[in-house]
Amino acid sequence: MKKYIRLRLKRITPPLGVRGINRLMMRFIDRRAIILPVAVIMLGTLVFMSAFEIGKTALLPHLTLVQSHILSVVSLTLLVTVVSFVVMIKIQRLVFQNITVVEKRLQTEETLRKSQDRYKTLIQNINEYIYSVSYIDGVAVTTYHSPKCLAITGYAPEEYYADPDLWYTMIHPDDRARVLDFTARILAEPLPAIEHRIIHKDGTERWISNNSAVKRDDAGNVLQVNGFIQDITERKAAERALQESERRYRLLAENIGDVIWTMDENLKRLYVSPSIRQLRGISVEEAMSESLDKIIAPEHLPGMRKRLAALMPDIKRGADIKPMTVEMEVLHKNGARIPVEMIVSVVYDEDRNFAYFLGVSRDITERRKAQRELQQYREHLEDLVRERTRELMTTNARLASEVEERKKIEEELRRSDLRHRTFLEASTDAIFLETLEGAILDCNTAATKIYGYTKDEFLDLTVLDLVPLEIRDEIPRVIAAEIKARRFSIEAHNVRKNGEVFPCEVNTRVVKMEGAELVAVFVRDITERRRAEAAQRRELEVNTALAATYAILVSPESSIRDITSVILKQALALTESAHGFVSKIDPESGENIGHTLTDMLGDQCGMSFEGEQVVFHPRPDGTYPGLWGVPLNARRPFVSNDPIGHPASTGLPDGHIPISRFLSVPVMLGERLVGQISLANAARPYGDDDVDAITRLAEFYALAVQRWRVEERIKSLNESLTRNIIQIETANKELEAFSYTVSHDLRAPLLTIGGYSKLLLKRYRQNLDEEAQKFLNIITTDSLRLEKMMEELLTLSRMGYKQLELTDIDMTELARSVIGELERTSRNANTRIVVKALPMSRGDLLMIRQVFVNLLSNSIKYTRPAKEPLIEIDGWTENGENVYRVRDNGVGFDMKQVDKLFSVFQRLHGQEEFEGTGVGLSIVQRIVLQHGGRVWGEGKRNRGATFCFTLPVVSTI
């Protein structure tokens, strides 16, 4: 059993050894549980032995003394054996019970120790600053601050324990009321985290997020408040920058005349621009909550849903979906139907997952109206032709039946022809009268203006001469269809005399004139209409591209590479170009860094470049070579549809893509060149509309470059700030070490010198001659003065890194308080001090009190020689700051020495005239400068001195 007990105890406490095991056993065995049974057994044994002796004498009187002793010994031995066995059994049970208890207790202690080690490791390595406040009867008694508090607030845990109010003083003054309210409410109810500002130990303003949780007992009383604090300064700065960026981009989107909107796959609106009010008479909020059947006319809904259902499988797998253009009617708030043209694009995220539908809606009411007017005009012309035909038929009938009245009828026809000729000549459309074979018999004046031929020249032409060469073979078939249908309408292209091809609407009708079938042809030049429609389509395409670019620009996660890739994609689509690149200009070196070209290397481009990105270097004079350098040097767009023959062309290096057409637009930010968008090998010649579209896209890119540079600048400033903070912390530690040296290492021997000098004078004065006593008095006096100078110097050094505790200060009351204190200690009791009403200010109360103490002490000291010492204190507000003035009628000073006033240890009067250390005014200057104010002095010898300082004005908002 003993071996088994040792093995169990060794397993749980191997370092104890055999002696330790025995000690541990005896420690945990309940001695009282053993002593009581043993005492009972011993008492019972005594009783038994007494009874045994009495019984033996009575029952066995014949036994001899030896036999009686032997019987007693044997009985006692048996009894002891039985008792010992019972005691051992009891001890064994107790031992096993206590070993089990010990084992469980040690396991529990080991588990608790490991848990505490893990918790301590977690606390020390977590990035958040963790704190804990314990309460007893609603009063905070103890606090804990994790080591991360130093990184976030600048204060070490020891500083929090030394100053219980430190947490309150470091809260930004403007946020203190809100934080105190939150602290009071969190003890009563759970609240989300609060975000507020603090003043870091280095004086900078930081933003933190404070998340707290309250632990209560069964009665609901607060036991503990635990929380963690995160530094969210960078997040707040990024949010402000992002909000500013989003404001600019949103301003751009919200001032576009068309309605820009986005929808999810369930056709729920995610965004709509404010121009929805002009289109449909509703606000943005109303538009965001509308269902689809409140937006689109009912007859368009089934077709749109069907088309969307057919597209969704392709959208889900990330297929390239071309922008869709549809015309439909939407419902106005007043119930009216508004015809719109919508261009809808599918937008994917970076993983090619569907993000949302992006649409641009344009009101085409005016265009529909123009189309209706055109149709009405066409119908009116057809009515005129029918009327003309009826009149001609009537005339022919009259000619057949009334030959005798021919002259009268011919006169009537002449007048009728004159009226119609007048009408036709007034038309702006070209009107021809042609044979069934296409020969031109007559035309109006508008035809000569549109085509450039004279009427006589038209009589020598046919229809074939007025159409482009490539469709002349189709004209006979068209004429045959025209004769068969008796009327015909088509949009086609005709040719002017100068060879220019123009679009037109052609309406024809077969009529009978003087017994012959002829063809009346009405031609309308629709060049301007086509140009206007093309301009509208182009504007929609450009706006769609800008809207697609807007999404990537406002995303805070977008890098400059992401933005240039999207811009290149939109530029290629707008110009139908095969290749292109988007680059940025390094503001320091002038290098042109082609972000998107890097992605082409090894794929489309066979050129080789050093480094990880494509870089084009400028010439020594700062200009750029080659065709791509032309727009950069000129600071304006450049287009060449024959780049090989351009004077600036320097040829193509090995591996370069062949160039057939070239367009490049410099990206400008004000007057600064920041980048370039270049395109090549379009399917058609580049034109002015391409330059305009890419120029507008370049304006977006300029904003992106500006944002990127600002972000880089902020990042650089943050890194520089971090380095400066480290340097300041190092300097503060060195200053603290110096202060410690001055206050301990230097003052100790100084005190020793002064103390022993006093002892020498006190104990051995009778043994010293007059000169020796004089020397010792000088040593004592100078030791005291040097100690005073060291105290002033330490005070001055502490002012450099002491944290300001700003509060509103009643300057009048403060000045009077200082005067009362100085009057009790001053040796110049006759000094009269006048205090006028002083403006309220804001600052550190103790520091500003020190300013008044130093200035007034100087004035009292230097007015001692005056017959009627007078000191005046007044103040006023001017130029946005409070000015305070202390002036006296004392000995004054020479203004030639004004530069020495605020220098450390610089005195304008000798020590034998006036006592002092020469540090007081330096302390005044240091305090005022820390508060953002100014201090200066004026004086005249024996005419008094004036000292002024300024402090911030207390805000009344």
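Which residue lies over the face of Y168, and at what distance from the ring centre? I looked this up first and found R176, at 5.0 Å from the ring centre of Y168.

**Entry: basis of the model**

I note that this is a predicted model, in which local features need pLDDT of at least 70, side-chain atom pairs count only at pLDDT 80 or more, and totals for chains, interfaces and linings use all residues. Residues are numbered from 1 along each chain as its sequence is written, and side-chain values use heavy atoms, with hydrogens and water left out.

**Entry: charges over rings**

For the R176 contact I used this criterion: NZ of Lys or CZ of Arg is within 6 Å of the ring centre and within 35 degrees of the ring normal. I also recorded K236, which lies over the face of W207 at 4.5 Å from the ring centre.

**Entry: aromatic pairs**

I counted rings of Phe, Tyr and Trp (its six-membered ring) as paired if their centres lie within 6.5 Å; planes under 30 degrees apart are stacked, those over 60 are edge-to-face, and the rest are tilted. The structure holds 17 aromatic pairs. I examined F581 and F616: the ring centres are 6.0 Å apart and the planes stand at 40 degrees, so this pair is tilted. The pair links distant parts of the chain, with F581 in strand β16 (residues 577-585) and F616 in strand β18 (residues 614-616), 35 residues apart. Helices (H or I, at least four residues) and strands (E, at least two) are DSSP runs, numbered from the N terminus.

I then checked accessibility, where buried means under 20% relative accessible area, exposed over 50%, and partly exposed in between (1.4 Å probe, protein chains only). F581 is buried because its relative accessibility is 10%. F616 has a relative accessible area of 17% and is therefore buried.

F616 also pairs with W628: the centres of their rings are 5.0 Å apart and the planes are at 40 degrees, so I entered this pair as tilted. This pair too links distant parts of the chain, from F616 in strand β18 to W628 in helix α21 (residues 626-634), 12 residues apart. W628, at 15% relative accessibility, counts as buried.

Elsewhere I found one aromatic cluster formed by F432, Y451, Y453, F458 and F502.

**Entry: cysteines**

How many disulfides does the rule give? With a disulfide taken as a pair of cysteine sulfur atoms within 2.5 Å, the count is zero. I looked at two cysteines for burial: C443 is buried at 3% relative accessibility, and C504 is buried at 0%.

**Entry: the largest pocket**

I worked with a 1 Å grid over the protein atoms alone; a pocket is an open set of points where a 1.4 Å probe fits, with protein on both sides within 12 Å along at least five of seven lines, and lining residues have an atom within 4 Å of a point. Grid points are joined across faces, edges and corners, and a volume is the space filled by probe spheres set on the points. On that basis the largest pocket holds about 1800 Å³ of space.

Its lining has 50 residues, and those nearest the pocket centre are V346, A548, V566, K569 and Q570. The elements giving two or more residues to this lining are β9 (337-348), β10 (354-363), α18 (527-554), α19 (560-575), β16 and α20 (595-600). By class, I listed 22 nonpolar, 11 polar and 17 charged lining residues. Here Ala, Val, Leu, Ile, Met, Phe, Trp, Tyr, Cys and Pro are nonpolar, Asp, Glu, Lys and Arg are charged, and the others, Gly among them, are polar.

**Entry: positive phi**

Which residues did I note for phi? L267 has a phi near 60 degrees, a positive value in a residue other than glycine. L267 sits in the loop between β6 (259-263) and β7 (269-272) and is buried at 17% relative accessibility. N681 likewise has a positive phi near 60 degrees without being glycine. N681 belongs to strand β21 (residues 672-682) and is buried, with a relative accessible area of 16%.

**Entry: strand β21 and beyond**

Q676 also lies in strand β21, and its relative accessible area of 0% makes it buried. I took the C-alpha separation of Q676 and Y701 as 9.2 Å, with their positions 25 residues apart along the chain. G687 is found in the loop between β21 and α22 (688-764) and is partly exposed at 22% relative accessibility. The C-alpha atoms of G687 and T575 are 9.1 Å apart, and the two residues are 112 apart along the chain.
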